[in-house]
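Work through these exercises with the sequence and the model side by side. Try each task before reading its solution.

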Amino acid sequence: MKAKYLFVILLLITVVAIISSCQSESEQMFNRYYTSGAMLYQGKCQNCHGMNGEGLGQLIPPFSDSVYLKKNIATLPCFIKNGANGPITVAGKTFNSKMPAQDNLSAIEVAEILTYVTNSFGNKLGLVDAPKVTADLAACAN
């Protein structure tokens, strides 16, 4: 299992190195955030939100609704870091389960997860960087 995980990491690093040699600095940053976000998503989010961001029936919302993600991009860091409790409506369905806090994540890790989620599952919303997440987290504390 560890050998497989190590192989996947080495493969990702190799692919990123090859791709990054032909990309601008902003494209490289996006790819670093996206790749790290994919790994964090797998360990922190996938169990509930699903491998393909499909959610879980009426319990856990999907990530395939870019309208919800785009409209609520400033509150998403708060949901990840502090958890969420209360009803939200995504793609016409209301979800009212509690999302546990991931308060052990840094701002850059939250940004990486958000970059992955907002650019996967049919979404194409671009880079969510650490300074934006830091500002959004400061605002949600109020």
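**Exercise 1. Fold outline**

In what order do the elements of the chain run from the N terminus on?

Solution. The model is a predicted one. Start by counting: the chain has seven helices and two strands. Next, trace them from the N terminus: the order is α-α-α-α-α-β-β-α-α.

**Exercise 2. Overall dimensions**

Find out what the radius of gyration of the chain is, and set it against the value for a compact globule.

Solution. Take the length first: the chain has 142 residues, and a compact globule of that length would have a radius of gyration near 14 Å. The chain has 15 Å, which agrees. Then fit a box along the principal axes: the C-alpha atoms fill roughly 45 × 35 × 30 Å. Now turn to contacts. Of those with a separation of 6 or more, 55% join residues 24 or more positions apart. Buried residues make up 34% of the chain.

**Exercise 3. Surface and charge**

State how much area the chain exposes and what share carbon and sulfur atoms supply.

Solution. The exposed area is about 8600 Å². Carbon and sulfur atoms supply 62% of it. For charge, locate the mean position of the 11 positive charges and that of the 9 negative charges: these two points are 7 Å apart.

**Exercise 4. The face of α7**

Which residues of helix α7 are buried, and why do they line one face?

Solution. Helix α7 covers residues 130–140, and its buried residues are A130, V133, D136 and L137. Look down the axis of α7: these buried residues fall within an arc of 120°, so they line one face of the helix. The general rule is that an α-helix has 3.6 residues a turn, so residues three or four places apart point the same way. Last, find the partners: the buried residues of α7 pack against α2 (25–44), α5 (76–82) and α6 (107–117).

**Exercise 5. Helix α6 and T115**

Why is α6 described as largely enclosed, and what does T115 touch?

Solution. Count the buried residues: eight of the eleven in α6 are buried, so the rest of the structure largely encloses this helix. They are V110, A111, E112, I113, L114, T115, Y116 and V117. Their packing partners are α2, α4 (66–71), α5 and α7. Now zoom in on T115, which lies in α6. Its relative accessibility is 0%, so T115 counts as buried. Leaving out residues up to four places away in sequence, T115 touches F30, Y33, Y34, G126, L127 and V128.

**Exercise 6. Two positive phi angles**

Where does A91 lie, and is A91 buried or exposed? Do the same for F121.

Solution. Begin with A91, in the loop between β1 (88–90) and β2 (93–95). Its phi is positive, about 55°, although A91 is not a glycine. With a relative accessible area of 55%, A91 is exposed. Move on to F121, in the loop between α6 and α7. F121 is not a glycine either, and its phi is near 60°. The cut-off for buried is under 20%. F121 has 18% relative accessibility, so F121 counts as buried.

**Exercise 7. S97**

Which residues does S97 touch, and how far is S97 from Y33 in space?

Solution. Place S97 in the loop between β2 and α6. At 30% relative accessibility, S97 counts as partly exposed. Beyond four places in sequence, S97 touches L59, I60 and A84. S97 and Y33 are 64 residues apart in sequence and 28 Å apart in space, C-alpha to C-alpha.

Key: Residues are numbered from 1 along each chain as its sequence is written. This is a predicted model: local features need pLDDT of at least 70, side-chain atom pairs count only at pLDDT 80 or more; totals for chains, interfaces and linings use all residues. Side-chain values use heavy atoms; hydrogens and water are left out. Helices (H or I, at least four residues) and strands (E, at least two) are DSSP runs, numbered from the N terminus. The radius of gyration is taken over C-alpha atoms; the globule rule is 2.2 Å times the number of residues to the power 0.38. Buried means under 20% relative accessible area, exposed over 50%, partly exposed in between (1.4 Å probe, protein chains only). Contact means heavy atoms within 4.5 Å. Accessible areas come from the Shrake-Rupley method with a 1.4 Å probe; for residues, only the protein chains shown count as cover. Lys and Arg count as positive and Asp and Glu as negative; His and the chain ends are not counted. The place of a charge is taken as NZ of Lys, CZ of Arg, CG of Asp or CD of Glu. The arc is that of the directions from the helix axis to the C-beta atoms.
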